[in-house]
Amino acid sequence: MATLRELKARIGSVASSQKITGAMKMISSAKMHKAEQSLRRLQPFRRQIEDVIGNLFGADAEFTSPLMESREVKKVTIVVLGSDDGLCGAYNVNIFKQLIERMAELKEKLGPHIAIEIYPVGKKMLKAVSRLAGDGVTVCVRDGVDSKTTGDGVRDFVDALRADFEAGNTDRVDYLYMNFKSVSRQRPEFGQLLPVTPEAFHTYGEKAQCRPYIFEPDAATIFNKALPMLLMAVMQDIFTENRASEQAARVMAMQSANDNATKLLGQLQLEYNKLRQQSITTELLDILGGQIR
């Protein structure tokens, strides 16, 4: 049985842990709200680009782009986003499980000999994905790209993916990340980035209200300028949602840890009080026993 001193030390340790998890929850909550604000700032730009693309798809005009070239898929590139830091519960585990399922689906649909190239974003995801290397699966790392990458870093990453696709180094580029819904709800999102198809970006037809526009200089030129901007907007959204989802998962993990610490603290305090009462009772009995003698 633990002594009073040992129980007091354990109570102090649990109380300190509770304070730490509470502080970490507040920090993660602030970072999550910051990512939410970034998402709200990005959405108008993406919606405007989608409207332009939607009107171009709906117009009576002919245009092509190397980013829309559909060819036999022999190699698929998957960009999978996770976290650089831990203490976010099963966040990375859930994404990794989805990656395994999606890879199995690709092999079933495109053939067992399909080559798969994985670009993990985040140190924790890289560590998990590294074990998949081999048997037609390669893991690539791009320097300077992590879960906190923004702005120019994301643009360079998208440009590199585009260059690989246009050069024929890969026939398709997919992405997998955790879509942010709320603090308590995030769900895996899997989609196709390249080649661009109206089906892949189904919101074009839903959001755009096609009117008889006159395109200047011409629809093809506008389309080839707008399409790379759309890819950039999509990837910016993905990185930002990934950050928001990571922090939301960390908020929930810290809340769970805080609740467990509170429960454990109550149990230790009860045990401490019982042991202390027993010690006092024993001392009183010893005093009474001495008086009787």
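Helices (at least four residues) and strands (at least two) are DSSP runs, numbered from the N terminus. The exercises below use a predicted model.

**Exercise 1. Overall build**

Task: Find how many helices and strands the protein has, and in what order the elements run.

Solution:
- Step 1. Count the elements. The protein has 6 helices and 5 strands.
- Step 2. Read them from the N terminus. The order is α-β-α-β-α-β-α-β-β-α-α.
- Step 3. Ask how spread out the chain is. Its radius of gyration is 28 Å, and the globule rule gives 19 Å for 293 residues. The value is well over the rule, so the protein is more spread out than a compact globule.
- Step 4. Look at the extents. The C-alpha trace spans about 110 × 45 × 30 Å along the principal axes.
- Step 5. Add the burial. Of the 293 residues, 41% are buried.

**Exercise 2. A salt bridge between two helices**

Task: Work out which parts of the protein the pair Arg46 and Asp237 ties together.

Solution:
- Step 1. Recall the principle. Side chains of opposite charge can pair when their charged atoms come close.
- Step 2. Check the distance. The cut-off for a salt bridge is 4 Å from nitrogen to carboxyl oxygen. Arg46 and Asp237 meet at 2.8 Å, N to O.
- Step 3. Place both residues. Arg46 lies in helix 1 and Asp237 in helix 6 (residues 219–292), so the pair ties together parts that are 191 residues apart in sequence.
- Step 4. Classify Asp237. Buried means under 20% relative accessible area. Asp237 has 6% relative accessibility, so Asp237 counts as buried.

**Exercise 3. Salt bridges inside one helix**

Task: Say how many residues apart the partners are in the pairs Asp159–Arg162 and Arg250–Glu246.

Solution:
- Step 1. Take Asp159 and Arg162. Their side chains form a salt bridge at 3.5 Å, N to O. Both lie in helix 4 (residues 152–166), 3 residues apart, about one turn of the helix.
- Step 2. Classify Asp159. Its relative accessible area is 35%, so Asp159 is partly exposed.
- Step 3. Take Arg250 and Glu246. Their salt bridge is 3.1 Å, N to O. Both lie in helix 6, 4 residues apart, about one turn of the helix.
- Step 4. Classify this pair. Arg250 has 7% relative accessibility and counts as buried. Glu246 has 3% and counts as buried too.
- Step 5. Look for a network. Salt bridges that share partners join Arg46, Glu50 and Asp237 into one network.
- Step 6. Give the total. A search of the whole structure finds 12 salt bridges.

**Exercise 4. Surface patches**

Task: Name the residues that form the positive surface patch and the nonpolar surface patch.

Solution:
- Step 1. List the positive patch. Lys31, Lys34, Arg40 and Arg41 form it.
- Step 2. Place one member. Arg40 is in helix 1 (residues 4–58). Arg40 counts as exposed, at 52% relative accessibility.
- Step 3. List the nonpolar patch. Ile280, Leu284 and Ile287 make about 260 Å² of surface.
- Step 4. Place one member. Ile280 lies in helix 6. Ile280 counts as partly exposed, at 32% relative accessibility.

**Exercise 5. Backbone in the loops**

Task: Find where the cis peptide bond is, and in which loops Leu87 and Asp135 lie.

Solution:
- Step 1. Find the cis bond. A cis peptide bond joins Leu194 and Pro195, with omega about -5°. Pro195 lies in the loop between strand 5 (185–194) and helix 5 (203–207).
- Step 2. Check Leu87. Leu87 is not a glycine, yet its phi is positive, about 60°. Leu87 lies in the loop between strand 1 (75–81) and helix 2 (91–110). Leu87 counts as exposed, at 55% relative accessibility.
- Step 3. Check Asp135. Asp135 has a positive phi of about 60° and is not a glycine. Asp135 lies in the loop between helix 3 (123–129) and strand 3 (137–139). Asp135 counts as exposed, at 70%.

Conventions
Residues numbered from 1 in each chain as written. Predicted model: local features only at pLDDT ≥ 70, side-chain atom pairs only at ≥ 80, totals over all residues. Heavy atoms only, no water. Patch = residues over 30% accessible without salt bridge, like charges linked within 9 Å, V, L, I, M, F, W, Y side chains within 5 Å. Areas by Shrake-Rupley, 256 points an atom, 1.4 Å probe, with all protein chains shown as cover. Lys, Arg positive; Asp, Glu negative; His and termini not counted. Charge placed at Lys NZ, Arg CZ, Asp CG, Glu CD. Buried < 20%, exposed > 50% of the residue type's maximum accessible area, 1.4 Å probe, protein only. Rg over C-alpha atoms; globule rule 2.2 N^0.38 Å.
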